[in-house]
Every structure is written in structure tokens, then in C-alpha cells.
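This briefing describes the model displayed below, beginning with its overall architecture and moving on to selected residues.

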Amino acid sequence: MRTALSAILLDAPQAAAIWLGLLGVATLAVAGLLLRPRLLRTDAGARIRDAAPPARSEHADDERDRDRWAEEVSVAADRAETTARRRRAEWLTTQDEADQAWQAYEAAEADVRRLSGAAGMPLPKTPRTPAEYADRERWLHRAALDAYWRRELAVEQLSDVFAHRGWDPRLHPVEQELMLRRAVRDHLFARQRAAREREQSAWRAAELATAAARSLRAEAVSALLPAAGERESVLPLAALGATEQTREIPAVVGRAPLPA
């Protein structure tokens, strides 16, 4: 009996130490939880916050960004439409110039045909003297210079006349007139072709400018309409159970129509 009691008394301090240790750990845990109550919370609240819609400030920032983008695209579309109108005006101007150049060429061609028909007739007889040849040369130079001032001859052609490159000043004035009309016709034909090329280039530039303006205007409209629709579709959480009303697409105010 004495031996069993002695064993119990010998083991009592160790058991007491173990219980005191466990009690201390439990006390520290309870104290830590009480001092930091956030540790008692689970991550359910965080998941709810993550699943909730963004705050109003975030929606406002998104709307401002969309409105700013739509405004920038609208300004770019306005500038593109102005450029398209200018390109169209330039094309119409070049078209008029090409038509005038064609009419001038047709008139020169008619003169050549008329003089060619008269070339078969006998030429008037004139004395072949140095004075006559000098008069023919002066007539050729004067006629060529007048045609140059009327923009019917190029400066290179005028230089050839005065340098007698391909030109014989001793020919009869009727023959010289036919040669001069042919030179005028060739120059006007080259000018008409250059005017037609400028007209085609201006037309292509006008078409590209119109397409760019139309694309930018469509981009501006598409940037405005979805933003307005999203603002109407955002409902408060309390109204989720309410009956959804029919919404119409808002009209774009203050925007020019798409270019035709």
C-alpha cells in the first residue's frame, strides 16, 4: 500500500506539469484570438466581396474612360470628314482642269485637220530672196512666241523653234503654220494626259479620305452606344429581384451623321 501511494506521489508532479503546459497553450491561443478578432473571420467575407459588383467609383472611372475615348474618336472623325470634303473639292477642281485640257486638245486637233486638208492646195508664189526668208523666220518666231504665251507650246518647243532644231524657217508660212499647229496639238495632248492623271490621283485620295471618315464615325458611334447601354444595365443589388424593364438605345446627341 505504501509502495503504490509512493508511485502515485512520484508521478503527480509530472502530470501536473503536463496539464499546466496544455492549459498555458490553450490560454495563449484564446488570448491571441481575443486580441486579433480578425483571425476569427473566415475567407467567406472576402469571397463575397470579390463576387460583388465593383464599387461605384470603379464604374465611374470606366465610364469616364469610355466617354473620353468616344470623344477622341469623334474629334478624329470630324477632322477626317473635313479632310474628305477638302479632297473632294480638290478632285472636282482637277476634273474641271482635265475637261478644259481635253477641249483645248480637240480644238488643236481640228486645226491640224483643217490645215492638213488645205496643204494639198498650191502654195502662193513668193520671191525667194534673203528678205523673204528673213520675213518667214520672223513670222515663225512671232507665231511660236504667241503660242507659248497662250500656253500652247512648252518652253522646250519654243527653244527648238528659235534654235531651228527640227524647224526650217525658209518654209512657206502655210507649211510653218501646219508644223506649228501639230506641235501645239502634241503639247496640249501631253498636258491633257497629265491633267487626267492628276484627276485620277485626286479621286483616289478623295475615296480614301471618305472611307477613313466613315470608319471613324462608325467607331465613334459604336463607342458611344455600348457605354450608354452599360450605364442603363447596371442595377443595384436590392433591385435584382425586381422586374426588368424594356430599355431603348439612347439617341446620340450632338453628333454629325455618317458621311454618305
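**Overall architecture**

Read from the N terminus onward, the protein has the pattern α-α-α-α-α-α. It contains six helices and zero strands. The model is predicted, and the values below are computed from it.

- Of the 260 residues of the protein, 21% count as buried.
- The protein exposes about 18900 Å², and carbon and sulfur atoms supply 59% of that area.
- When contacts between residues at least 6 apart in sequence are considered, 81% of them join residues at least 24 apart.

**Nonpolar core**

- The largest nonpolar core has 14 residues. Those with the most contacts inside this core are Ala144, Leu153, Val161, Trp167, Leu180, Val184 and Leu188.
- At least two residues of this core come from each of helix H3 (56-118), helix H4 (130-149), helix H5 (155-163) and helix H6 (173-233).
- Val161 belongs to the core. Leaving aside residues up to four places away in sequence, Val161 touches Leu140, His141, Ala144 and Trp167; of these, Ala144 and Trp167 are also listed among the core residues with the most contacts.
- As general background, nonpolar side chains in soluble globular proteins tend to be buried together.

**Aromatic pairs and cluster**

- The count of aromatic pairs comes to three.
- In one of them, the ring centres of Trp102 and Tyr105 are 5.4 Å apart and the planes meet at 45°. The pair counts as tilted because this angle is neither under 30 degrees, as for stacked rings, nor over 60, as for edge-to-face rings.
- Trp102 and Tyr105 are three residues apart in helix H3, so about one helical turn separates them.
- Trp102 is partly exposed, with a relative accessible area of 35%. Tyr105 has 16% relative accessibility and therefore counts as buried, the cut-off being under 20%.
- Tyr105 also forms a tilted aromatic pair with Phe189, with 5.1 Å from centre to centre and 50° between the planes.
- This pair links distant parts of the chain, since Tyr105 is in helix H3 and Phe189 is in helix H6, 84 residues apart.
- Phe189 has a relative accessible area of 33% and is partly exposed.
- Trp102, Tyr105 and Phe189 together form one aromatic cluster.

**Surroundings of Ala195**

- Ala195 is located in helix H6.
- Is Ala195 buried or exposed? With 3% relative accessibility, Ala195 counts as buried, because this value is under the cut-off of 20%.
- Asp99 and Ala195 lie 96 residues apart in sequence, while their C-alpha to C-alpha distance in space is 8.6 Å.
- Ala195 touches Thr94, Glu97, Ala98 and Ala101, not counting residues up to four places away in sequence.

**Nonpolar surface patch**

- Which residues form a nonpolar patch on the surface? They are Leu145, Trp149 and Phe162, which together have about 340 Å² of accessible area.
- Within this patch, Phe162 is placed in helix H5.
- Phe162 is partly exposed, with a relative accessible area of 41%; this value falls between the cut-offs of 20% for buried and 50% for exposed residues.

How values were computed. Residues numbered from 1 in each chain as written. Predicted model: local features only at pLDDT ≥ 70, side-chain atom pairs only at ≥ 80, totals over all residues. Heavy atoms only, no water. Core = buried A, V, L, I, M, F, W, Y, C linked by side-chain atoms within 4.5 Å. Buried < 20%, exposed > 50% of the residue type's maximum accessible area, 1.4 Å probe, protein only. Helix = DSSP H or I, 4+ residues; strand = E, 2+ residues; numbered from the N terminus. Contact = heavy atoms within 4.5 Å. Phe/Tyr/Trp six-rings, centres within 6.5 Å; stacked < 30°, edge-to-face > 60°. Patch = residues over 30% accessible without salt bridge, like charges linked within 9 Å, V, L, I, M, F, W, Y side chains within 5 Å. Areas by Shrake-Rupley, 256 points an atom, 1.4 Å probe, with all protein chains shown as cover. Salt bridge = Lys/Arg side-chain N within 4 Å of Asp/Glu carboxyl O.
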